Amino acid sequence: MLNKVRLLTPGPTPLPERVRLTLARDMIHHRKSEFKAVMGRVQEKLRVLFGTQGTVLPLSCSGTGAMTAAVYGLFNPGEKVLVVEAGKFGQRWKAIAVSRGLEVVTLEVPWGRAVRPEQVEEALAADPAITGVLIQLSETSTGVLHPVREVARVTRQRDALLVVDGISAVGLSPCPLDEWGLDCLLTGSQKGLMLPPGLALLALSERAWEKAANVTSGCFYFNLLKEREYVAKGQTLFTSAVNLIVGLDESLDMLLENGLEAVYAKQWALTMLTRAGVTAMGLDLFAPEHFAWGITSVLLPEGVDGTEVLRLALEKHGVCMAGGQDQLKGRIVRIGHMGWVDWADVLAGLYALDRGLMEAGGFSGARDYLEQGMAAYRAALEGKPGEPLPTVLVHS
């Protein structure tokens, strides 16, 4: 009763009251006219969100299901793909590709760093047999934002599809499929879209649809061509995640009612707030550049147990954040600031991190980290999303 719990993880994220009330409505049947009307509205709004004139497929699964659907629907066994492996979810691309029987060329990038477009260009030039590039836009495990737009300029010049995991990026930072020349963009419901887990969304370019038409689907459940046929009829191939799609109708209204630029401006400002506050504490940012707009990864000092910091932040201060994965377990804290999160939530997260750090045996001499964070927030809102802030901000 002392503190309300604030969910600042990189998914699931908090649910707005409007969405929760929508999710509580009575069930409707997924083959009847009422649901078809919802699907029609959702499809038009998804085209705006994804920046495409094409179809956006709703799939009843997690984001990993959409990754699987993309690999199984776009590549035949024996084809060769390039996987950008810069974190836990780059590794997941590789595992899915291997399960499909693909030959995988791995482009390893240090965790916390982004791939350089010329690295992709060099890899494709060295092996013309590569027919696809699998990459994260936002690598959720590290908080890195890969330069996907620049990578797309490389892949569009070659016979290689660019397949992009935008699970922690869609609805948080710009990623227009058509304008950027992406071939596949996918996301999940539980991050920027402010919904519970269980729904994934996937869109393809025209050349990706042409490729899909020549691929023998290796999965009964995930069939992209048949899913597109059913979406055209206002349905999904199998039983729909009815309540999640109804909830999506509402959450998309919230995202679009002030325009996507307003959403991106907010997300950029929250990112600047978080990074400025963390830096003022004397902590290092795990992704010093090319960073995501919905998550900030913080490197903890040697000797400080990140698991204990997270426990104290939650139990004593009511803020739930995430830790690192694999070799980063106990070494980093990941602060989620995506979806239904505002500046006050982030300030609470910074305070909980500061107190948790000290209570776990670390040191923090910071006094004005909240003020520095808010100065960065105000400056970011006055500028343009993605526009770097001055190194030194004047507090006001």
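Which residue stands opposite I295 in strand 15? In this predicted model, the residue opposite I295 is G336. The pair belongs to the contact between strand 12, residues 295-299, and strand 15, residues 332-336, which run antiparallel to each other and are joined over five bridges.

Strands 12 and 15 are part of an open sheet of four strands, arranged in the order 11-12-15-14 with antiparallel pairing. At the edges of this sheet lie strand 11 (284-285) and strand 14 (322-323), each of which pairs on one side only. In general, the strands of a sheet pair through backbone hydrogen bonds, in either a parallel or an antiparallel sense.

The largest nonpolar core comprises 129 residues, and the members that touch the most other members are L202, M321 and L353. Helix 11, residues 260-280, contributes the largest share of this core, with ten residues. When residues up to four places away in sequence are not counted, L353 touches V278, M281, L283, V298, V309, M321, V333 and I335. Among these contacts of L353 is M321, itself one of the three core members with the most contacts to other members. Nonpolar side chains tend to be buried together in soluble globular proteins.

Two pockets were examined. The largest pocket holds about 970 Å³ of space. It is lined by 41 residues, of which W268, M272, F291, W293 and G386 are the closest to its centre. Two or more lining residues come from each of helix 2 (33-50), helix 6 (148-155), helix 7 (177-180), helix 11 and helix 14 (369-382). Helix 11 provides the largest share of this lining, nine residues. Divided by class, the lining of the largest pocket consists of 26 nonpolar, nine polar and six charged residues.

The second largest pocket contains about 560 Å³ of space. Its lining is made up of 23 residues, and those closest to the centre are M194, K266, G339, W340 and V341. At least two residues of this lining are supplied by each of strand 1 (6-7), helix 10 (242-256) and helix 11. Helix 11 gives the most, with four residues. By class, eleven residues of the lining of the second largest pocket are nonpolar, six are polar and six are charged.

Helix 11 thus recurs across these features: it provides the largest share of the largest nonpolar core, the largest share of the lining of the largest pocket, and the most residues in the lining of the second largest pocket.

Terms used:
Residues are numbered from 1 along each chain as its sequence is written. This is a predicted model: local features need pLDDT of at least 70, side-chain atom pairs count only at pLDDT 80 or more; totals for chains, interfaces and linings use all residues. Side-chain values use heavy atoms; hydrogens and water are left out. A nonpolar core is a set of buried Ala, Val, Leu, Ile, Met, Phe, Trp, Tyr and Cys residues joined through side-chain atoms within 4.5 Å. Buried means under 20% relative accessible area, exposed over 50%, partly exposed in between (1.4 Å probe, protein chains only). Contact means heavy atoms within 4.5 Å. Two strands pair if DSSP finds at least two bridges between them. On a 1 Å grid over the protein atoms alone, a cavity is a set of points where a 1.4 Å probe fits but cannot get out, and a pocket is an open set with protein on both sides within 12 Å along at least five of seven lines; lining residues have an atom within 4 Å of a point. Grid points are joined across faces, edges and corners, and a volume is the space filled by probe spheres set on the points. Ala, Val, Leu, Ile, Met, Phe, Trp, Tyr, Cys and Pro count as nonpolar, Asp, Glu, Lys and Arg as charged, and the others, Gly among them, as polar.
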